[in-house]
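Please open the model in a viewer and keep the sequence panel visible. The tour below proceeds from one selection to the next.

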Amino acid sequence: MSVFFPIFFISFSLLSYEILLMRILSIASWSNFAYMVISVALLGFGASGSFISLFKNIVKKHFNLFFLLFSFLFPISLFLCSFLSQFIPFNPFLITWYSKQYLYLLEYYLVLFIPFFLGASCIGMTFLHFGRLIPRLYFFNLLGSAAGALGVVLLMYLFSPVNLLLFLIILGFLAAVTFSLSLKRKIFGMIFLASLCLGTIFYLYPPKLHISEYKALSTSLNLPQASILKERFSPLGLIDVVKSPAIRCAPGLSFNFKGDIPPQLGLFTDADSISAINYFNGDLSPLSYLDYTTPSLPYYLTDTPRVLIIGSGGGSGILNALYHRANRVDAVEVNPQIVDLVNREYGDFSGHIYSFPHVTPVIAEGRGFIESTSERYDIIDISLLDSFSASSAGVYALSENYLYTIEAMMSFLKALTPQGILSITRWVKTPPRDGIKIFATAVEALKKIGVKLPSSHLIFIRSWSTCTLLVGRSPFTPTQIHQAEEFSRKRSFDLIWTPNIDPEKVNQYNILPQAYYYNAAKSIISKRKEKFYRDYLFNVKPATDNSPYFFQFFKWASLPHLLKTMGREWIPFVEWGYIILIATLLQAIGVSVVLIILPLFFLKKEKEPARRKLRKLTKLQVLLYFLFLGVGYMFVEISFIQKFTLFLYYPIYAVSVVISAFLGFSSLGSRFCEKIRLKRVSPLGIAATGITVISLVYLVVLRDIFSRFLFLPDWVRIAISVGLIAPLAFFMGMPFPLGLSKVSSKSPGLVPWAWGINGCASVISTILSTVLAINWGFNLVGILAVALYIGAYLSFKS
């Protein structure tokens, strides 16, 4: 068939473009905004179903024309829409004050909607036109999507975002050219030449990436003589090295420091989070400024420690450890490009810090490393792994983080020597949130490892912009407590908590209206903690691996108070990430109603041939079946991404492996169901049973399976992951083509509508699963997925 390979290329391009677009928008704007726009743009799938439903007779009659036109316009839209979106002056921080920003947001939706609509329409047309071949078509659709999910991650190591977009455009043109081979030679020649000419133009005049003026990179480039020295891109982020004589990066530096800070280069990740590359020639004395920051405290409580730095970045943490006479430093950095830039390309400037004696670089994700290592450390340091501006605005509210959960802190504590110290530094925010939540997490972690008096294992201090929590494997001694008090006094840092702390010693230097941190710590230590969690303005209950949203502080119960005291201005400065999530969910539901329900009233009833004796499916059956399938599939996929992140360590690995494995083996399931010919047993029943049994078993035993293989190399754990996903994904690939084939045979006019329902349901479920996971955890998401698959089976059981 002439459409199989075009469907593969379009599916590859669509999913790759979705992931790439999220990365581009995360760099140019903010990750939450990218999440919102993509979710709405994906409603193009739903719109395509409605479009084909309304014009199905014309589409079927002129299939070749419509498919050729849409497949040719698809790659053009990838370029033009990406180009135009860069000139839309939308800024989420200004949306509270300028109503015109809502129009700009609508422009974003409309522009990014087009490629998804065109690509999804091509796939939907083939389902309508080739009803008997739906399982095979679905196989190529899923296979292309699986290849796209895996391929785009690999391609990000080879191409910049703009060049990768051009590669996907070429694939789009290839789909149109491949399809035109089955048509007249004249048409093939015209499509080939047009694709070649347009591809050349797009290559010569590529779109540019415009970064928000409110991101740290943009503001830093306004400094005197600022320039970007080097830029690197990978799935782990966009890395920029910036030079300016005005760059000074010393978070929380004491006002008592009177010396000079050595020259620095700014190391930016995704145009925002900054880490300093310090000038270092082997002489430690110019690094004295590091001694006047809060992360230096643990070095005054230990002698010649063995240190583990999580997120070593530009190397400031390494230099701080060396300055304080660390015996050995293991520096864990997730992005190998950062280590290469610091140690090789700018090694003469940094002093080749990662190759310094007693320093061992480790390319790994922090949680993954600590779970698999047998080493024990005197100090484990986790300091400021995000930017202040993004963190204070609630940008990370929707981001899972497995470094700040109760289970993670338990793992860090177990990796300490008997007298070891875990040091965690966070930004100081107003009103206080991060520091209080990390203190609560430490208390719960200590209790879970058997500590009866957690208050004796905690020391907590703050400067004007950072706070550092020390968690001791053993109770802190009177000598250590005195040293912490002297360290803080000399640098005018405020004490928040020490064992047997004197309330008169808190809130002395960087004075707040009340001793918020101390009062919170005292409540958390006491028996009144549950009342404190309930009454506090923000959600500061500890995060868990089941709901790893440490940065989600929003509470609905606090909304009236926030509106009363701050008005609508509270959103961009407090917790707008969660609000965007809810707004996105409501928008997706609203648009889905317009794209799915309303078209029902315009669908004409088809006259069935007299010989047809099959009982037609009702619109309600079709709606429920494909709605449940779309939501159920995404619920399973998203909950598995979360679970496998803890096994594969790297979130980008988990996303690409899980998505590609699910789509790949689902494609095999769809291909297999085409050949099933069972009379006594329903193939749909087999699929539903397989999904239910395997999902429930995995919910119970998957964590134990992971714990047995954590020590294995990456490629082995990836292979195990694929093997675990394969049987479940195989069964999950069967219900959609089986159901669509049934619709095609009994109610063919509803085929495109069913396709649209599934697409919109997938979008809504992506957002809804996050809302559910934030509030009740991913295990509930998995259980609901099983219930939805059972519901889908029951709706089509007849």
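Two strands are said to pair if DSSP finds at least two bridges between them. Helices (H or I, at least four residues) and strands (E, at least two) are DSSP runs, numbered from the N terminus. This is a predicted model, in which local features need pLDDT of at least 70, side-chain atom pairs count only at pLDDT 80 or more, and totals for chains, interfaces and linings use all residues. Residues are numbered from 1 along each chain as its sequence is written, and side-chain values use heavy atoms, with hydrogens and water left out.

**First selection: strand E9**

Select residues 416–427, which form strand E9. Of its 12 residues, 10 are buried (under 20% relative accessible area, with exposed over 50% and partly exposed in between; 1.4 Å probe, protein chains only), so the strand is largely enclosed by the rest of the structure.

Add strand E8 (residues 377–383), which runs parallel to E9 and is joined to it by 6 bridges. Within this pairing, Thr 425 of E9 lies opposite Ser 383.

Next, add strand E11 (residues 466–472): E9 and E11 run antiparallel, with 7 bridges between them. Here Leu 422 has Val 471 of E11 as its bridge partner.

**Second selection: two loop residues**

Move to His 352, in the loop between helix H13 (347–350) and strand E7 (359–363). Its phi is near 50 degrees, a positive value in a residue other than glycine. His 352 is partly exposed, at 32% relative accessibility.

Finally, select Asn 500, located in the loop that lies between strand E12 (494–497) and helix H19 (516–525). Asn 500, likewise not a glycine, has a positive phi, near 60 degrees. With a relative accessible area of 80%, Asn 500 is exposed.
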